[in-house]
Amino acid sequence: MYFKKNKLFVEKVDALKIVRKYGTPTYCYSLNRLRNNIRNFQRSFKSISPLICFSVKSNNNRQILKEIKKFGVGADVVSKGEMMQALKAGILPKKIVFSGVGKKTEELKFAIEKKILLINTESESEIFEIERLAKLKKKIVNIGIRLNPNIDAKTLKKISTGKHEDKFGLTEKAFLNILNKFENSKYVKVKCLSVHIGSQITDYKPYLKMLNVLDLIIKKSKYFFEYVDLGGGMGIQYDKKTKVFNYKKYNKIIKKFLKRHNVKIIFEPGRSLIANTAVLFTQIIYIKNTNKKKFIILDAAMNDLMRPALYGSYHSIIPLLKTNKKNKRIHDFVGPVCETTDKFLSVKSFQDLKEKEFVAISDVGAYGMSLSSNYNLRPKPLEIMINNKLMKVVLKRQKLINII
Ligand code: LLP
C-alpha cells in the first residue's frame, strides 16, 4: 500500500476505485504482501526447517487459507469450525494441530476421525477423554501437552497466555505427572511438548526464557518428544515506535536449543503472517464538531474491527487522498455503535476531512474480520483480495436478510 500522486494504492489498484465499486466497510488484502510475509518467515527459519501451522483464529477466510496452503503451510485450529475450514481449503490433516483449553467431545471425535497431526491438550481430563474416544474407535491418537512456563511475554495484559494466572496449559509439576501417567497408554501417544506464551511479542527475550524452561523440563522428564510446538506470538509494527521482531535472533536461539534436543519444531504464527496485509476501508458518514474535538463518524464500527475497543490497540488511519491541509483539532475516529468504546483512534491533528470521504484503517489482517460480530445487527463487511491489477471478492458482504 503506497501513495502515488497523493492517491492511495493497494498493489496496482487505486483504492478509490475499490471503495466506489464495492462500498464500505470493506476489508482489503494484498496477496503479494501475504506471499512476501510467508516467504520471509520461511527464509528466516529455513535452517531449522520447522512445520509452520498458520493460526486460523487470526484469519479464517477460506480463499486466504488456500493461498497460504500453496506454500506448504499447515494450520493451527481451535474449533471444529476452523478445522473444517482448513480442510476445505485443502490443508492436509497431517499438517493440522488442534489447540484450546475446552475441546468438546464432538470436536475431539472429528479430529480423531480426520487423523490430524496433533491434538495439543491442556488438562488431564481432556487426555482421559481422548483416551476414552480412541479406545472406542480402536485408534492411536497423537497428542501434545501444553506447558504453562510461567513467563511474562511483556505484551498486552489481555493477550498474555504464559503465566500461571492464565488459564492455559499445565504447570511443570502437573505436566510431569501427566506425562508419567500416559507414558504407556495404548491409545494416546504423547508426541509433542507445546507452549504459547502470548501474542504481539516484539522482543526475542521472552522466547529465550521460554526455551530455557523447555530445556529444563525436557531434561527432567527424560522423555523423547518428537515435536516441540513453540506456538505463535511474533509481533508486528502497528506503529513506528514498536520494534521490528527479530526473526534471525529467534532462529539463532532455537538452533542452539536444537543442538541439545533432537526434535522437530512447530510454529503457529497468525499475526506475523497476515496482520499487515490488509486495511479496512470506511466512509465518513458525518463530522461532528464540539468545543472539545472533532468526531469523525465512520461507517465501520467496533463490530467490524474489535481490537481498539477490546484491547485499546492502535491502528493508524490513512486518507485515500492525501492533501497538505492540516487541521489542528483533536480528531476522534468513531463508529456508529452505541458504545463509548466504539472508537478507533484519537489524534491531535489530521488532514482536513470532509463528510462522504473515505479513509483506511491499517494493519487489520489479523483478528480483524475473524473477531467481527453482528452487534447492533450490523452485517459483516465484504473481503476483497488484490493481486497486482486484479480485484477478487473473497467473502461477500453479509446480507441483512440473513441475520435478522
Ligand atoms: N497458538 C496459540 C495456541 C494461540 O493461542 C495463538 C493466539 C496463536 C498460536 C497465534 O498467535 P499470533 O501469532 O497470532 O500472535 N485477539 C488478540 C490476539 C489473541 C491471540 C490468541 N492466541 C488480538 O487481536 O491481539
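**Exercise 1. Find the bridge partner of Asn142 in strand 10, then work out how strand 9 sits among its neighbours**.

Solution, step by step. This is a predicted model, so read every value below as computed from it.

- Start at Asn142: its bridge partner in strand 10 is Lys189.
- Now zoom out to the two strands. Strand 9 and strand 10 (residues 188-194) run parallel and are joined by 6 bridges.
- Go to the other neighbour. Strand 8 (residues 118-121) also pairs with strand 9 in the parallel sense, over 3 bridges. Within that pairing, Asn120 has Gly144 of strand 9 as its bridge partner.
- Trace how the chain gets from one to the other: strand 8, helix 6 (residues 124-137) and strand 9 make up a β-α-β unit, and its hand is right.
- Finish with burial. Strand 9 (residues 141-146) is largely enclosed by the rest of the structure, because 5 of its 6 residues are buried.

**Exercise 2. Work out which residues of helix 5 are buried and what covers them**.

Solution, step by step.

- Pick out the buried positions in helix 5 (residues 105-114): they are Glu107, Leu108, Phe110, Ala111 and Ile112.
- Keep a bit of helix geometry in mind: an α-helix has 3.6 residues a turn, so residues three or four places apart point the same way.
- Next, look for the cover. Helix 4 (80-88), strand 7 (96-98), strand 8, helix 6 and strand 9 are among the elements over those buried residues. Strand 9 is the strand from Exercise 1 that pairs with strand 10.
- Then check what follows the helix: Lys115, just after helix 5, has a positive phi of about 55°.

**Exercise 3. Describe helix 9: its span, its cap, its buried residues and its place in the chain path**.

Solution, step by step.

- Span first. Helix 9 (residues 247-260) has 14 residues, and from first C-alpha to last it reaches 20 Å, close to the 20 Å expected at 1.5 Å a residue.
- Cap next. At the N-terminal end sits Asn246, with a side-chain oxygen 3.1 Å from the backbone nitrogen of Lys248.
- Now the buried set: Tyr247, Tyr250, Asn251, Ile253, Ile254 and Phe257. These pack against helix 2 (31-44), helix 8 (205-221), strand 11 (227-229), strand 12 (264-267) and helix 10 (271-274).
- Two of those elements pair with each other: strand 11 and strand 12 run parallel, with 3 bridges. Val228 has Ile265 of strand 12 as its bridge partner. The chain leaves strand 11, passes through helix 9 and arrives at strand 12, in a right-handed β-α-β crossover.
- Strand 12 has another partner, too. Strand 5 (residues 51-55) pairs with strand 12 in the parallel sense over 2 bridges, and Leu51 is matched with Ile266 there.

**Exercise 4. Take Ala360 and explain why it counts as buried, then list its surroundings**.

Solution, step by step.

- Place the residue: Ala360 belongs to strand 20.
- Apply the cut-off. Buried means under 20% relative accessible area. Ala360 has 0%, so it counts as buried.
- Look at both faces of strand 20 (residues 358-361). Phe358 and Ala360 are buried on one side, and Val359 and Ile361 are buried on the other. That fits the general pattern: in a regular strand the side chains alternate between the two faces of the sheet.
- Find the strands alongside. Strand 13 (residues 278-289) runs antiparallel to strand 20 with 4 bridges, and strand 15 (residues 317-319) pairs with strand 20 in the antiparallel sense over 3 bridges. Ala360 is the bridge partner of Phe281 and also of Ile318.
- List the contacts, leaving aside neighbours within four places in sequence: Leu8, Val279, Leu280, Phe281, Ser316, Ile317, Ile318 and Leu320. Leu8 is 352 residues away along the chain, yet its C-alpha is separated from that of Ala360 by 9.2 Å.

**Exercise 5. Count the disulfides and sort Cys28 and Cys338 into buried or exposed**.

Solution, step by step.

- The disulfide count is 0.
- Cys28 has 0% relative accessibility, so Cys28 is buried.
- Cys338 has a relative accessible area of 68%, so Cys338 is exposed.

**Exercise 6. Give the strand order of the open sheet with 3 strands and name its edges**.

Solution, step by step.

- The order is 1-2-3, and the pairing is antiparallel.
- Strand 1 (2-4) and strand 3 (13-14) are the edges, since each pairs on one side only.
- Between strand 2 (residues 7-10) and strand 3 there are 2 bridges, and Val10 stands opposite Val13.

Note on methods:
Residues are numbered from 1 along each chain as its sequence is written. This is a predicted model: local features need pLDDT of at least 70, side-chain atom pairs count only at pLDDT 80 or more; totals for chains, interfaces and linings use all residues. Side-chain values use heavy atoms; hydrogens and water are left out. The expected span of a helix is 1.5 Å times one less than its number of residues. Buried means under 20% relative accessible area, exposed over 50%, partly exposed in between (1.4 Å probe, protein chains only). Contact means heavy atoms within 4.5 Å. A polar contact is a pair of N or O atoms within 3.5 Å; within protein, one must be able to donate a hydrogen and the other to accept it, and residues adjacent in sequence count only if both atoms are side-chain atoms. Two strands pair if DSSP finds at least two bridges between them. A crossover is right-handed if, with the strands pointing away from the viewer, the path from the first strand over the helix to the second runs clockwise. A disulfide is a pair of cysteine sulfur atoms within 2.5 Å.
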